[in-house]
Amino acid sequence: MTRTVENEHEYDVVVLGAGPVGENVVDRVRAAGLTAAIVEAELLGGECSYWACMPSKALLRPVLARSDARKVPGLREAVYGPLDALDVFAHRDETVGHWKDDGQVDWLDSIGVPVYRGHGRVRGPRRVAVDGPEGEHHVLTARHAVAVCIGSRAVLPPLPGLTGARPWTSREATSADRVPGRLVVVGGGVVGVEMATAWHALGSHVTMLVRGDRLLPRMEPFVGERVAEALRARGADVRTGVSVEAVVRDGGTGPVTVVLEGGETVEGDEVLFATGRAPRTDDIGLETVGLEPGSWLDVDDSLRVTGTDWLYAVGDVNHRALLTHQGKYQARIAGAAIAARADGGGGSEDPAPWGPHAATADHAAVPQVVFCDPEAAAVGLSLAEAERAGHRVRAVDVDMSSVAGAGLYAHGYRGAARLVVDLEREVLLGATFVGPAVGELLHAATVAVTAEVPVSRLWHAVPSYPTLSEVWLRLLEAYRDGADPA
Ligand SMILES: Cc1cc2nc3c(=O)[nH]c(=O)nc-3n(C[C@H](O)[C@H](O)[C@H](O)COP(=O)(O)OP(=O)(O)OC[C@H]3O[C@@H](n4cnc5c(N)ncnc54)[C@H](O)[C@@H]3O)c2cc1C
C-alpha cells in the first residue's frame, strides 16, 4: 500500500483560486504585512485572462474600431473590406499570452507569494488540501483566513442532445481559431450579445435565439432594442421570445440542428450556449465546514462567509456582481478586512469589525460596459429597479446626437442616455448610455452615483467641448426643464 505524504505549510492567509480576484486578495494582504499562499488548478490569471474578458475584448476591439472608422467621412473608404480573422486571432492569442501564465508566475514570485498548483479543497476550518498535478499533496493552514476566489463556470441547460452536440460555451467562443459559417447563439445576455457581435463581424452568419423579449434584459429596455436593431441591420437574425427544446448533431460531427418549441429548427455549424453561470463549489470541500457543495457562497459586506469567522468568498463565487472589476474591488475590501482583523481590529461580535472595509458599491453602484456595436454602459439602478426599490424618481432622457462631439465622433451618430434621479435627495441613482464609444463615458457616472454628487453640483463639472461628455449638460438641462411629476 502506498502511503500519501502530505506536506504541511502555514501562512497567515490561504487563497484558493488565482484569477484576478485571488491575485488581488494576496496582493492586498501581503501589502499589509501578512504572509499568503495561493492555490491554482489551471492558469494563474483565471477565466478572465484566458477565456473571458481579455480574449473577448481582443476579438471585439477591431470590430468596434472598424465600425467607428466607417462612420468618419474621409476615412470610411479606407476601411471597407472584411476583417482579417487570422490577424485578429493572432492578436487575441498574444493578448492571452498564448494561454501561458509565465507573466503571472513572475509577478507572484516578485512579491514573494508561493503558488501551489493543483485542485484545492477546504479540509475543515482554516485548512486547505491541494492535490498537485504530479500526485503531490499539500495541506495549507491559515492562521487568519482562507479566501475562496474560484470564480464561476458556464451553465448548460439540461436539453436533450446538447452534450453530444459539442456546444460552444464562453470558453470555445473566446478561444476558437476558425470562423464557423453559421453560428447559432442561444442567450441574449452580455456574453451572447458580445460574442454574436464578434463572430458576425468575423464572417459568421449569426442567429440569436433569446427566450425573453429583448437583449441585455438587465439594462434599460432602450439598450437591448438599439443593440438588436443594429445587429439586425448588419444581417444577423435576432429572434426573441423563442425557447430551445433540443439540439441534434448526428454522430457529433457535421452541422448542428437546434429545435425550438413548436418544432421549428435552426441549423448552424456551431452553437454557442451563453445561458448563465454556476459556482464552481461542487468539489471544494464545503461539506467539511457545514456548507452546501454546489452553492453560491453568501457573504457579509466584508466578504466573509455567513456563519464563519475565517472563511471569505470573493469575486464571482459569491454571486454579488459577476464582473472582474467588481471582484477586484471586493478583493481589496476583503484583503483590508482580513488584515484589520488579524491586527486585532474588532471581534466577530462587533457588527462591523471591518470598519470602513465594506463592499457597499456592490449594492448600488455596479458599472458595466457591454462591448457590442453600439456599445452599452450602465451604472447603478435602472428606472424600473429604482421604482421597485421604492424611490421617488424621474428618468431624464437625451438623444446623444444632440451633442456636438457626437457628430464629430461619428457621422450620423446614434445614441441615447438616461439618468435616474432620486427626487428626494436630488442625486443620481443610475445612468445608462448606448452608442459608439460610450464605455469611456461611464466612469463619470460611476463617480456621480457612488459619491452621491448633488445634481446642483454636477453643473460645475464642466465637460470639455466638443466631446461626447457634453451629453452631461444635455441631461442636466433636460432635468432642469422637465416637470416634476410629484
Ligand atoms: C465571455 C466572458 C466575457 C467577460 N467579459 C468581462 C469583461 O469584459 N469585464 C468584466 O469585468 N468581466 C467580464 N466577465 C466576467 C469575468 O470573467 C469574471 O467576473 C471574473 O473572471 C471573475 O474573477 P474571479 O477571480 O472571481 O474568477 P475566475 O477568473 O474564474 O478565476 C478563478 C480561478 O480559480 C481557479 N479554481 C477554481 N476552482 C479551483 C480549485 N478547486 N482549486 C484551485 N483553483 C481553482 C480557476 O482555475 C480560476 O483560475 C466576462 C465573463 C465571460 C464568461
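Reader: What kinds of residues make up the shell around the ligand?
Author: In this predicted model, the shell divides into 16 nonpolar, 12 polar and seven charged residues. Asp, Glu, Lys and Arg count as charged, Ala, Val, Leu, Ile, Met, Phe, Trp, Tyr, Cys and Pro as nonpolar, and the others, Gly among them, as polar.

Reader: OK, and which ones are closest?
Author: Glu-40, Lys-57, Gly-120, Asp-316 and Thr-324, out of 35 that surround the ligand (near means a heavy atom within 4 Å).

Reader: What does the side chain of Glu-40 do with the ligand?
Author: One of its N or O atoms sits 2.6 Å from a ligand oxygen. A polar contact is a pair of N or O atoms within 3.5 Å.

Reader: And what about the backbone of Thr-324?
Author: A polar backbone atom there is 2.8 Å from an oxygen of the ligand.

Reader: How much of the ligand does the protein cover?
Author: 93% of the 990 Å² of accessible area the ligand has on its own (Shrake-Rupley method, 1.4 Å probe).

Reader: New topic: how do H1 and H9 cross?
Author: Their axes, lines fitted to C-alpha atoms over the stretch in contact, with angles from 0 to 180 degrees between N-to-C directions, come within 8 Å and cross at roughly 30°. H1 and H9 are therefore roughly parallel, a label for angles under 35 degrees. Helices here are DSSP runs (H or I) of at least four residues, numbered from the N terminus.

Reader: Any fine print?
Author: Residues are numbered from 1 along each chain as its sequence is written, and side-chain values use heavy atoms, without hydrogens and water. Local features need pLDDT of at least 70 and side-chain atom pairs 80 or more, while totals for chains, interfaces and linings use all residues.

Conventions: A polar contact is a pair of N or O atoms within 3.5 Å; within protein, one must be able to donate a hydrogen and the other to accept it, and residues adjacent in sequence count only if both atoms are side-chain atoms. Helices (H or I, at least four residues) and strands (E, at least two) are DSSP runs, numbered from the N terminus. Angles under 35 degrees count as roughly parallel, over 145 as roughly antiparallel, 65 to 115 as roughly perpendicular and the rest as oblique.
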